[in-house]
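User: I would like to learn how to read the features of a model of this kind. Please take me through them one at a time.

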Amino acid sequence: MTVRRTHIVGAGVAGLSAALAVTADGGAAVVYEAAPQPGGRCRTLQPADGFIHDNGTHVLFTANGRTLDLLEVIGARDRWFEPEPKGLPLYDGRTGEIQRVGLSPWSWLFPSRRPHGLTLPDLARILRLVFTAKDCPVASIIGDRPIMDSLIEPLTVAVLNTPPAQASSQRLACALRRLIRPGAGRLLVARNGLSEDLIEPAVATLTARGAAVHTGQRLRRLLTSQERVIGLALPDRTVMLGPEDRVILALPPYEVGRLLPALPVPTSFEPILNVHYRMKGLASPRFIGFSGTLAQWALVRPSHVSVTVSAADAVMDHHVDDVAARIWSDIAPALRRLGLDAETGRQPESRVVKEKRATIRQAAEELPQPPLRPLTNLALAGDWIGSLPATIESAVMAGEHAASLLRHVRCSRQTAPRDRPLKTENAA
Ligand SMILES: Cc1cc2nc3c(=O)[nH]c(=O)nc-3n(C[C@H](O)[C@H](O)[C@H](O)COP(=O)(O)OP(=O)(O)OC[C@H]3O[C@@H](n4cnc5c(N)ncnc54)[C@H](O)[C@@H]3O)c2cc1C
């Protein structure tokens, strides 16, 4: 009997999710990853100088049900915890005040958790945003209101990595409808780091199921014949596929566009900049938001503090030392309020990580989307597929969906490519 294998290209979250779905019911999977380590945009950096940190802080919400299910499967659910159960501390760089803000709209019933400046007309605007029928920029619905600064802008760049003046109201609404569900708005972070608390347990589960994850294996070219993939050209060899083998490309859109140039794929991206300060932090991680500063979020870990600037176009070309110095003066007063030894004039060693194509730009416009199964035995996955915000959750969903699209395909007999849309909350 020929073994039917699924070859998964890309070991980011989408590829690992696809491999877990394929192997869940005994299927055989092989994963090929170009980089020396799995994880893609969601990884821990381990440089020779021993300053270990994630590429950038990643948060999950309890609304991200598919990711939480995946964490259960790989035995890592308890490694993601809520650093701020009493509401997110938000530091206003202009006034020096810290206010706790609830992320779930239900918590706004308590005045102490309400975003600064929230009024009844603002609630009406937020409701319009949540149930928006027509896609338009988020800012055009909310307008120039105090809550733009205290809630909408931080939320929009955190979820969509796109400024509110351009960001898609419909994509944000998808996320907000999920956050509104009772208990869904709790923010979670990895206790130790992305590789230790997500990527490594996923790879360990795959290995235990007999799947192989090969790193340093960039797919150079797809060999195709009669609407099927017949081989994968890797750096040092070509893997020829069996008649029942399938392929999942779990790659960013620019790689899919390079390998299959006829497909329409998104071509605009937004950067994220992260600065990591090597310093004594706190035994139990804390998370703090900022307004009125370049810094947007900071995660305080025991050995370092990581700061995120999403939709960071304005500072991507600045010298790393200037950015690190500016952000340090933003955050030092807030860190002192959390009890850290953080003198403004005494900046710790820092490392700046610039992710130029951190996510696709999620603007209020129709984004090019390819068919999800462009060849008989090939499906696509990746956070950019579908209409949800491009996040870990959409990557997990796209990986699972690609596996399910190929599950019942008869590959050896030539069939016309068939496509089903990726289910989103709306389609479900
Ligand atoms: C700094 C930063 C902060 C973020 N914060 C959050 C957050 O707080 N919450 C959240 O949910 N999401 C966040 N995201 C988004 C999240 O990281 C992504 O949505 C998710 O990791 C995408 O996974 P993916 O598998 O679709 O893509 P990728 O992670 O890009 O995986 C694709 C993989 O394919 C590999 N590859 C590329 N070309 C080839 C080839 N030719 N052959 C073989 N392999 C190849 C790449 O090396 C990579 O490992 C953040 C992203 C960044 C960069």
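Analyst: We may begin with salt bridges. This is a predicted model, and by a cut-off of 4 Å between a side-chain nitrogen of Lys or Arg and a carboxyl oxygen of Asp or Glu, the count comes to 24 salt bridges.

User: Which residue forms a salt bridge with Arg41, and why does the pair tie together parts that are apart in sequence?

Analyst: The partner of Arg41 is Asp383, with the closest N and O atoms 2.9 Å apart. Arg41 belongs to the loop between β2 (28-32) and β3 (44-45), whereas Asp383 belongs to the loop between β20 (378-381) and α10 (392-407), so the pair ties together parts 342 residues apart in sequence.

User: Into which domains is the protein divided?

Analyst: Domain 1 comprises 5-42 + 194-267 + 366-407, domain 2 comprises 44-82 + 188-193 + 269-360, and domain 3 is 104-185. From the record, an unreviewed UniProt entry lists residues 13-404 as "domain: Amine oxidase". That span is 30% helix and 23% strand, and its end C-alpha atoms lie 16 Å apart.

User: How should the interface between domain 2 and domain 3 be read, and what area is buried there?

Analyst: The size of an interface is often given as the accessible area lost when the parts come together. Between domain 2 and domain 3 about 1100 Å² is buried, and carbon and sulfur atoms give 56% of this area. Of the area that domain 2 buries against domain 3, Phe61, Ala63 and Trp297 supply 37%, more than any other three residues. In terms of contacts, 14 residues of domain 2 meet 14 residues of domain 3. The C-alpha centres of these two domains lie 23 Å apart.

User: How many salt bridges and how many residue pairs in polar contact are counted between domain 2 and domain 3?

Analyst: The count of salt bridges between domain 2 and domain 3 is zero, while six residue pairs are in polar contact. On the side of domain 2 that touches domain 3, β15 (269-278) and β19 (350-360) are the elements that give two or more residues. By class, that side of domain 2 has eight nonpolar, five polar and one charged residues.

User: Where is Glu82 found, and with which residues is Glu82 in contact?

Analyst: Glu82 sits in the loop between β6 (80-81) and β7 (88-92). Setting aside neighbours within four places in sequence, Glu82 is in contact with Arg186, Leu187 and Leu188. The side chains of Glu82 and Arg186 are joined by a polar contact of 2.9 Å.

How values were computed: Residues are numbered from 1 along each chain as its sequence is written. This is a predicted model: local features need pLDDT of at least 70, side-chain atom pairs count only at pLDDT 80 or more; totals for chains, interfaces and linings use all residues. Side-chain values use heavy atoms; hydrogens and water are left out. Domain bounds come from an automatic or database domain assignment. Contact means heavy atoms within 4.5 Å. Buried area is the accessible area (1.4 Å probe) that two parts lose on being put together, summed over both. A polar contact is a pair of N or O atoms within 3.5 Å; within protein, one must be able to donate a hydrogen and the other to accept it, and residues adjacent in sequence count only if both atoms are side-chain atoms. Helices (H or I, at least four residues) and strands (E, at least two) are DSSP runs, numbered from the N terminus. Ala, Val, Leu, Ile, Met, Phe, Trp, Tyr, Cys and Pro count as nonpolar, Asp, Glu, Lys and Arg as charged, and the others, Gly among them, as polar. UniProt positions are given in the numbering used here, feature names are shortened, and annotations may be inferred rather than shown by experiment.
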